[in-house]
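Colleague: I should be grateful for a close look at the interior of this protein, with some account of how the surroundings relate to it. Please give the reasoning as well as the values.

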Amino acid sequence: MNRPQAASVQTRPSNMNSEPSTPVNWKESVWTWFWGGLLLACLPMLVIYFSRMWRLPHYQYFPFAITAVVWLAWTRSDRTFRPPTTFVSIAALALGGVTMAGGLFLRSPWMVAIAFFFFSTGCLSVMQGRRYESLIALALPLALLVRLPLGYDQLLVIELQRMTTVLSSLMLDVLRVPHSVARNVIEMPARELFVAEACSGIQSVFTLAFLSTLLIAIFGRRLWLTPFYLVIALILAIAGNVVRVTTVACVETWFGWDWAEGWAHDLLGYATLGLSSLLLVSFDQLIVAVLHPTNQAATAAKHNPVIRLWNWSVDDGSMVDPAEQYFLNVETPVAVKNSRFSRWTQSMNARQRRSVRIAVVLASISLVGVTTVRAVSVDPMGAAEGGAGMFVDGILFDPPQGLVESFADKFRLSNRSTSRDNENPILGQNSDAWAYTGPEGIMGQFVISQTYAGFHELCFCYENQDWLLLNRHLKSSASSDEDGNDVPIAYALFRTSKDAHGHLWYASVTASGKVVRPPERPGRIGSRFADTMRSDLENNEPIMMVQLWLTTTEPLDTSVNNRITDDFVLLRRKLAEEVPK
């Protein structure tokens, strides 16, 4: 008599493929050397890029950002580097290759930094955590290492200073503190309070933006929430800076204490930044409380498309169903080892892997050599980092001896000095400079720099010389006419830690003698794109930049400032008349 056979119970999903081979140690993996070689190839240009970044206070968080990402990737991953088999990794690798090639061709450390971000994104997207989750969120903090193009980071700082000034003035009105506002300056009975110095922690917006991306990376929040985190970081930064400026003004008025500098200034800055950071963490917890997966079993959610879509949108892995965790543990490794590239690399013997590693190392060394050669030829001053105003060959106007001096009306120009072929890189490839003596004996320097492909934002050059930009706007002469005087010039106000004030008037003249309108006041959202639609800004000719720079120990009187503006506008008009001759 046949005995009935017992029904078999399957406790693990079966895999029809052969048993996986022994995993390769991460040090011996070909892909470890592949990704490491790509990232190492960016290093020569990154050294230059980060040395420039360190001069900008609002980017000085980048060492902590890199350290945090490396530590999180090392502690949370399975320490296995995998081939670029996903769409994200392949796209990141392709974009990184294109920007890397462009950066080497143009000798642009900024483009190489973008390539470094793409390569890091590709590497992190194929790495896996302990629960087989993707580590691509760790790339978000690295995105904030890339400077905004065209100097938009500097423009953002100026716009935030303007907003902080307005809101701080409202707070001071509520507190009945007597004051008046002139652009980014709060004028008080005892002193003038520059928002840029009372709120030098305006860079906290970049720090808080970095902390918001770090929160997303640490807690694995969904990537589509990133814009909301960045907006909240911006709002908290503005609020913190308003509190900071208001506090400085109040203690100055009520107690006569100077909290605009010194240890009290730094302590107040750290306190407001810490408070803003705690509020950012509070916002993160609010997101968790509102946007969380439904507490349904995996089998129940499987048949409900609404629950499935909601859980997919908001699930950050903090609420994992036990059944779902079981299937993750038994099914995900099968998907990993079924990768064609993984099977290929695992099937190689030790000798074959060694040969491939040697080939990858040699290719990496060659690429590092190329980037090192290109990095050596990069301009150490970084004058073109603003993204505009690149030099072109030739001289538009070589002033005859005594000509420019003859333009002087109620001022005097003397002691001309000439440099050609980049003899004085601070003033440009080709420059002519004169000592300027203006109203009330004020001394300065008038400079003609040439030749540029477009308007060159000279503010960036002075910031590279450790001048703090307080304000920049367009300024018109009091005596406008139809010969070009009605075209405004750009005026910028600077200050140093030693209480020296810097004043810069600058403009541009084309080869045909046309006076070009400078870009609008920085900080207006979209202004640089809107400027391209203006007919008075259209210019396809090479230009020369003219500037007037002077320093003072005290702020300039308004009438004196206007007289110097008239002098500069006169010089610009006279030069525009002489250039076409």
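Modeller: A residue is called buried here when its relative accessible area is under 20%, exposed when that area is over 50%, and partly exposed in between. The model is a predicted one. By that criterion, buried residues make up 49% of the 581 residues in the chain. The secondary structure of the chain consists of 20 helices and eleven strands. Among contacts with a separation of 6 or more, 72% are between residues 24 or more positions apart.

The part that best answers your request is the largest nonpolar core. It has 57 residues, and of these Met100 and Leu138 touch the most other members. Eight helices are named as giving two or more residues to this core: H1 (30-41), H2 (43-53), H3 (62-76), H4 (87-106), H5 (109-126), H7 (152-174), H9 (204-219) and H10 (226-254). The greatest contribution is that of H5, with ten residues. The core lies between domain 1 (26-146 + 349-377) and domain 2 (152-291), because both domains give residues to it. Once residues up to four places away in sequence are set aside, Met100 touches Ala41, Cys42, Val112, Ala115, Phe119 and Thr371. Another core, of 34 residues, lies apart from the largest one, and Ile489, Met544, Leu550 and Leu575 are among its residues.

Two of the contributing helices deserve separate comment. H2 is largely enclosed by the rest of the structure, since eight of its eleven residues are buried. The buried residues of H2 are Pro44, Met45, Leu46, Ile48, Tyr49, Phe50, Arg52 and Met53; an arginine, Arg52, is thus included in that list. H10 offers a check on geometry: at 1.5 Å a residue, its 29 residues should span 42 Å, and its end C-alpha atoms are 42 Å apart, which agrees. Just after H10, Gly256 takes a positive phi of about 75°.

H7 also belongs to the elements that supply the core, and Arg162 lies in this helix. With a relative accessibility of 31%, Arg162 falls between the two cut-offs and therefore counts as partly exposed. Arg162 and Val185 are separated by 23 residues in sequence, while their C-alpha atoms are 9.2 Å apart in space.

Aromatic rings add a further layer to the picture. A pair of such rings is described by the distance of the centres and the angle of the planes. Rings are paired if their centres lie within 6.5 Å, and planes over 60 degrees apart make a pair edge-to-face. The count by this rule is 23 aromatic pairs. Trp224 and Phe228 form one such pair: the ring centres are 6.3 Å apart and the planes stand at 90°, so the pair is edge-to-face. Trp224, at 42% relative accessibility, counts as partly exposed, and Phe228, at 47%, is placed in the partly exposed class as well. Phe494 and Trp549 form another edge-to-face pair, with 5.7 Å from centre to centre and 65° between the planes. This pair joins distant parts of the chain, with Phe494 in strand S8 (residues 489-495) and Trp549 in strand S11 (residues 543-552), 55 residues apart. Both Phe494 and Trp549 are buried. Elsewhere, ring pairs link Tyr59, Tyr61, Phe64, Phe206 and Phe210 into a cluster. A charged group also meets a ring: the charged end of Lys475 sits over the ring of Tyr491, 5.7 Å from the ring centre.

Finally, some backbone details merit inspection. Most residues other than glycine have a negative phi, and most peptide bonds are trans. Arg176, although not a glycine, has a positive phi near 60°. This residue is found in the loop between H7 and strand S1 (180-182), and with a relative accessible area of 75% Arg176 is exposed. Glu440 likewise has a positive phi, of about 60°, without being a glycine. The loop that holds Glu440 runs between strand S5 (430-437) and S6, and a relative accessible area of 67% makes Glu440 exposed. The peptide bond from Gln450 to Thr451 is cis, with omega near 0°, and Thr451 has its place in strand S6 (residues 443-452).

Key:
Residues numbered from 1 in each chain as written. Predicted model: local features only at pLDDT ≥ 70, side-chain atom pairs only at ≥ 80, totals over all residues. Heavy atoms only, no water. Phe/Tyr/Trp six-rings, centres within 6.5 Å; stacked < 30°, edge-to-face > 60°. Buried < 20%, exposed > 50% of the residue type's maximum accessible area, 1.4 Å probe, protein only. Helix = DSSP H or I, 4+ residues; strand = E, 2+ residues; numbered from the N terminus. Lys NZ or Arg CZ within 6 Å of the ring centre and 35° of its normal. Core = buried A, V, L, I, M, F, W, Y, C linked by side-chain atoms within 4.5 Å. Domains from an automatic or database assignment. Contact = heavy atoms within 4.5 Å. Expected span 1.5 Å × (residues − 1).
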